[in-house]
Amino acid sequence: MVERYVMSIDQGTMSTRCILFDHQGRLVSVGQREHEQYFARPGWAEHDPTEIWSHLRRVVVPRALEGAGIRPEQIAAIGIANQRETTVVWDRRTGVPVGHAITWQDTRTSGYVEELRRTTGDDFFLERCGLSPTTYFSAPRLRWLFDHVDGLRERAERGEVLFGTMESWLIWNLTGGPDGGLHLTDATNASRTMLMNIRSLAWDDELLAYFDVPRAMLPEIRSSAECYGMADALLPDVPICAALGDQQAALFGQTCFAPGEAKCTYGTGSFLLVNTGTELVRSRHGLLTTVGYKIGAEPTVYALEGPIAVTGSLVQWFRDRLGLIHSAPEIETLARGVEDNGGCYIVPAFSGLFAPHWRSDARGVIVGLTSYITKGHLARAVLEATGWQTREVVDAMNADSPRPLRRLKVDGGMTSNNLLMQFLADVLDMPVVRPMVSETVSLGAAYAAGLAAGYWPDLEGLRRNWHRAAQWMPTMDPARREAEYESWRRAVERSLGWARS
């Protein structure tokens, strides 16, 4: 019998990856290619969607197939995970984007967002889409494009241009592009636009009118796991059976299927999600209410999310901008050379603060500098910034959720840093657990696609694939934990209000 596999495409902030998984959820082969980052002005962050599609088609998928030594017909299904909120608009007839994709990190809409909050307030949006206005989401970017690209809104009204997040762009191209490509999104990605009604999972007429977005340019909203169509432009007769935003895919890949189960993915930024079941919990403490996943016709599963803008990218800054280390792993060695942070704290509000503060006027600060501070203390402060930001989000989740977090499942590149993982357990005062398969974003997309295609039978079968690789238990003295947390909060206060519109 010929072995079959599930293909996961993870279109991320820094690169696009293709990973093949077998029935046991084991990684079989990987293809990956980084893409260019464009920073045309302060606060702007863009990608070239044409470059990303080209990399997927010419490099990423072929490398994964070649690495496994298999043929396309051995692929049972494709699942797609993607950087969320990143906004693409393209010509329906030619497939040419109207410009670069505006990424989730971009803050050019901060002035417009401040006006929304001042004139309309949060409740109008929270009642409909579960989100407060911030630069993070897609709808303000669409408005910016309409205001700055001549004739774009009129073309959108005529249905000449299409809008989507990155999974919509890839699915449209995979299924034919200008020659009948499918224009769709899933509920997890649609829930990040500020245009979808969080209860009905349909585009909301009042939100469309408010942002002046023509319905003709919007993709069809589908569930996260169902067979959408064939990837004939790249892999003939291979079905695309799942799409999820990357952090929801990680929640699924970590098998957080029960209410109260939580994960945090540590990458460029970090994203902590807790499953709230079929209950839609409205946050009162600076978190986002979002769709966790929707499997076929089954009830929608919701989540609370706390996004942190800068974690892994702070290590990159320490390496590339300051030149204090030559590679990311070196930071652990440097930080272990000192006993503590020497009283130094770094708040990495490079483009403002995300959850639970949502302050676009914040900017990065280093506080507590004395002549005693060495680069080792700075390295430790860089790592500890991730721990303290996570603590703020966990505190908000425990205040919002009827089920306090008991442990945290972690994944992503930063989890290889044992010093950081122990610090997380210490400041959260709970077990921190890492799975055998660290590529949980890709695994979650594969799991959802495999379920839809019948490759895996049910959620319990997926749970049996999850195995613990490492666990860290808290050891920090409680008095020290709270004293240092108070110092962190004082540092955060000093970062606020620096940027002026």
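1. Helix α4. In α4 the buried residues are Ser 138, Ala 139, Pro 140, Arg 141, Leu 142, Trp 144, Leu 145 and Phe 146. That is eight of the eleven residues of the helix, which spans residues 138-148. The helix is therefore largely enclosed by the rest of the structure. Note that this is a predicted model.

2. What surrounds α4. Which elements do the buried residues of α4 pack against? Three are strands: β6 (88-91), β7 (101-102) and β8 (161-164). The others are helices: α2 (110-119), α5 (152-157) and α8.

3. Helix α9. This helix covers residues 246-253, and eight of its eight residues are buried. So α9, too, is largely enclosed by the rest of the structure. The buried set is Asp 246, Gln 247, Gln 248, Ala 249, Ala 250, Leu 251, Phe 252 and Gly 253.

4. Just past α9. Thr 255 follows the helix, and its phi is positive, near 55°. Thr 255 also has a partner from far along the sequence. Its C-alpha lies 9.0 Å from that of Glu 460, although 205 residues separate the two in sequence. Glu 460 sits in helix α15 (residues 459-465). Is Glu 460 buried or partly exposed? Its relative accessibility is 45%, so Glu 460 counts as partly exposed.

5. The annotated domain. UniProt, in an unreviewed entry, places "domain: Carbohydrate kinase FGGY N-terminal" at residues 5-253. Helix α9 covers residues 246-253. The C-alpha atoms at the two ends of the 5-253 span lie 16 Å apart. Helix makes up 33% of the span and strand 24%.

6. The loop between α7 and α8. Met 194 lies in this loop, which runs from α7 (187-190) to α8 (205-211). Its phi is near 70°, a positive value in a residue other than glycine. Met 194 is buried, with a relative accessible area of 0%. Leu 201 is in the loop between α7 and α8 as well. Leu 201 is not a glycine either, yet its phi is positive, about 60°. With a relative accessible area of 13%, Leu 201 is buried. α8 is also one of the elements that the buried residues of α4 pack against.

7. The loop between β17 and β18. Pro 356 is found here, between β17 (345-347) and β18 (365-367). What kind of peptide bond joins Ala 355 and Pro 356? The bond is cis, with omega about -5°. Arg 359 belongs to the loop between β17 and β18 too. Arg 359 is partly exposed, at a relative accessible area of 31%. Neighbours within four places in sequence aside, Arg 359 is in contact with Gly 352, Leu 353, Leu 496 and Gly 497. The C-alpha atoms of Arg 359 and Ala 499 are separated by 9.9 Å, with their places 140 residues apart along the chain.

8. The loop between β21 and α16. Pro 474 lies here, between β21 (468-472) and α16 (478-495). Its relative accessibility is 26%, so Pro 474 counts as partly exposed. Which residues does Pro 474 contact, leaving aside neighbours within four places in sequence? They are Gln 422, Ala 425, Asp 426, Asp 429, Met 430 and Pro 431. For Pro 431, the C-alpha distance to Pro 474 is 6.6 Å, and the pair is 43 residues apart in sequence.

9. The whole chain. The secondary structure comes to 16 helices and 21 strands. The radius of gyration is 22 Å, close to the 23 Å that the globule rule gives for 501 residues, so the chain is as compact as a globular protein of that length. Along the principal axes, the C-alpha atoms fill a box of roughly 65 × 60 × 45 Å.

10. Burial and contacts. Of the 501 residues in the chain, 62% are buried. Take contacts between residues at least 6 apart in sequence: 72% of these join residues at least 24 apart.

11. Surface and charge. The chain exposes about 19,100 Å², and carbon and sulfur atoms supply 48% of that area. There are 51 positive and 60 negative charges. How far apart are their mean positions? The separation is 2 Å.

Technical notes: Residues numbered from 1 in each chain as written. Predicted model: local features only at pLDDT ≥ 70, side-chain atom pairs only at ≥ 80, totals over all residues. Heavy atoms only, no water. Buried < 20%, exposed > 50% of the residue type's maximum accessible area, 1.4 Å probe, protein only. Helix = DSSP H or I, 4+ residues; strand = E, 2+ residues; numbered from the N terminus. UniProt positions renumbered as here; feature names shortened; annotations may be inferred. Rg over C-alpha atoms; globule rule 2.2 N^0.38 Å. Contact = heavy atoms within 4.5 Å. Areas by Shrake-Rupley, 256 points an atom, 1.4 Å probe, with all protein chains shown as cover. Lys, Arg positive; Asp, Glu negative; His and termini not counted. Charge placed at Lys NZ, Arg CZ, Asp CG, Glu CD.
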